[in-house]
Amino acid sequence: MTPKVLEAINRQIAAEFGASFSYLAMAGWCEHHKFMGAGRWLRLQSAEEHGHAMRLFDFVLARNHVVRISAMSEPKAEFASIVEVFEKALAQEQEVSAQIDALYELAFEEKVFAAMAELQWFITEQVEEEKTVREIVAKFHMVKDDAASLLDLDRELGGRQGAGEGSGT
Ligand SMILES: [Fe+2]
Ligand SMILES: [Fe+2]
């Protein structure tokens, strides 16, 4: 691995941990406001982002390099509404997609083929995550301030299965 790619992957590890903390802060806001289903969904997403960071952490170690975790900024914890929480989540995912694309481009330029192979998983994952969050944002826009529909949507989000739970789908 070249120093440039190593540095960029180390930065991405911090970005994935940052996303994990950001989702955790969002979960805290939702649960404080008694959207317990959304809180569960966001806690699980936080754990997924932790998994992404660890995936890159393990990749750096497998390539026999030193992992460096840089400082992360404090995540946003105040929101005006639940729809704002998920709009922020979508913006965050779009930002991460752009980071992964830039990282892939760098690995390509530097001819670090192992990193390109590793990053392909992340490119596919970002497509899925953006799609999922975009659909949730659209649903919140549909229900607007209708309390009964909001509660239904919150219940639906709470049905998210964690890794290793249920039928394993
Ligand atoms: Fe991620
Ligand atoms: Fe993500």
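Trainee: What spacing do the donors of the iron ion (ligand 1) follow along the chain?

Mentor: In this predicted model, the donors of the iron ion (ligand 1) follow the spacing E-x32-E-x2-H.

Trainee: What makes Glu16, Glu49 and His52 donors of the iron ion (ligand 1)?

Mentor: Glu16 (OE), Glu49 (OE) and His52 (ND1) coordinate this ion at 2.1 Å. A donor is an N, O or S atom within 2.8 Å of the metal, so these atoms qualify. Glu49 also bridges the iron ion (ligand 1) and the iron ion (ligand 2), which lie 3.4 Å apart.

Trainee: Why are Glu49 and His52 separated by about one helical turn?

Mentor: Because the two residues are three residues apart in helix α2 (residues 36–62). Both Glu49 and His52 are buried.

Trainee: Why is Gln12 called buried?

Mentor: Gln12 has a relative accessible area of 4%. Buried means under 20%, and therefore the term applies to Gln12. Gln12 lies in helix α1, and, leaving aside its neighbours within four places in sequence, Gln12 is in contact with Leu56, Val96, Gln99, Ile100 and Leu103.

Trainee: Why is Leu24, which is also in helix α1, called partly exposed?

Mentor: The relative accessible area of Leu24 is 44%. Since buried means under 20% and exposed means over 50%, Leu24 falls in between and is therefore partly exposed.

Trainee: Which residues form a nonpolar patch on the surface with Leu24?

Mentor: Phe21, Ile69 and Met72 form the patch with Leu24, with about 370 Å² of accessible area together. Membership requires over 30% relative accessible area, and the 44% of Leu24 therefore meets that cut-off.

Methods. Residues are numbered from 1 along each chain as its sequence is written. Chains are lettered from A and ligands numbered from 1 in the order in which they are written. This is a predicted model: local features need pLDDT of at least 70, side-chain atom pairs count only at pLDDT 80 or more; totals for chains, interfaces and linings use all residues. Side-chain values use heavy atoms; hydrogens and water are left out. Patches are made of residues with over 30% relative accessible area and no salt bridge: like charges are joined within 9 Å, nonpolar side chains (Val, Leu, Ile, Met, Phe, Trp, Tyr) within 5 Å. Accessible areas come from the Shrake-Rupley method with a 1.4 Å probe; for residues, only the protein chains shown count as cover. A salt bridge is a side-chain nitrogen of Lys or Arg within 4 Å of a carboxyl oxygen of Asp or Glu. Buried means under 20% relative accessible area, exposed over 50%, partly exposed in between (1.4 Å probe, protein chains only). Donors are N, O and S atoms within 2.8 Å of the metal (3.2 Å for Na, K and Ca); water is not among the atoms, so sites may look incomplete. Helices (H or I, at least four residues) and strands (E, at least two) are DSSP runs, numbered from the N terminus. Contact means heavy atoms within 4.5 Å.
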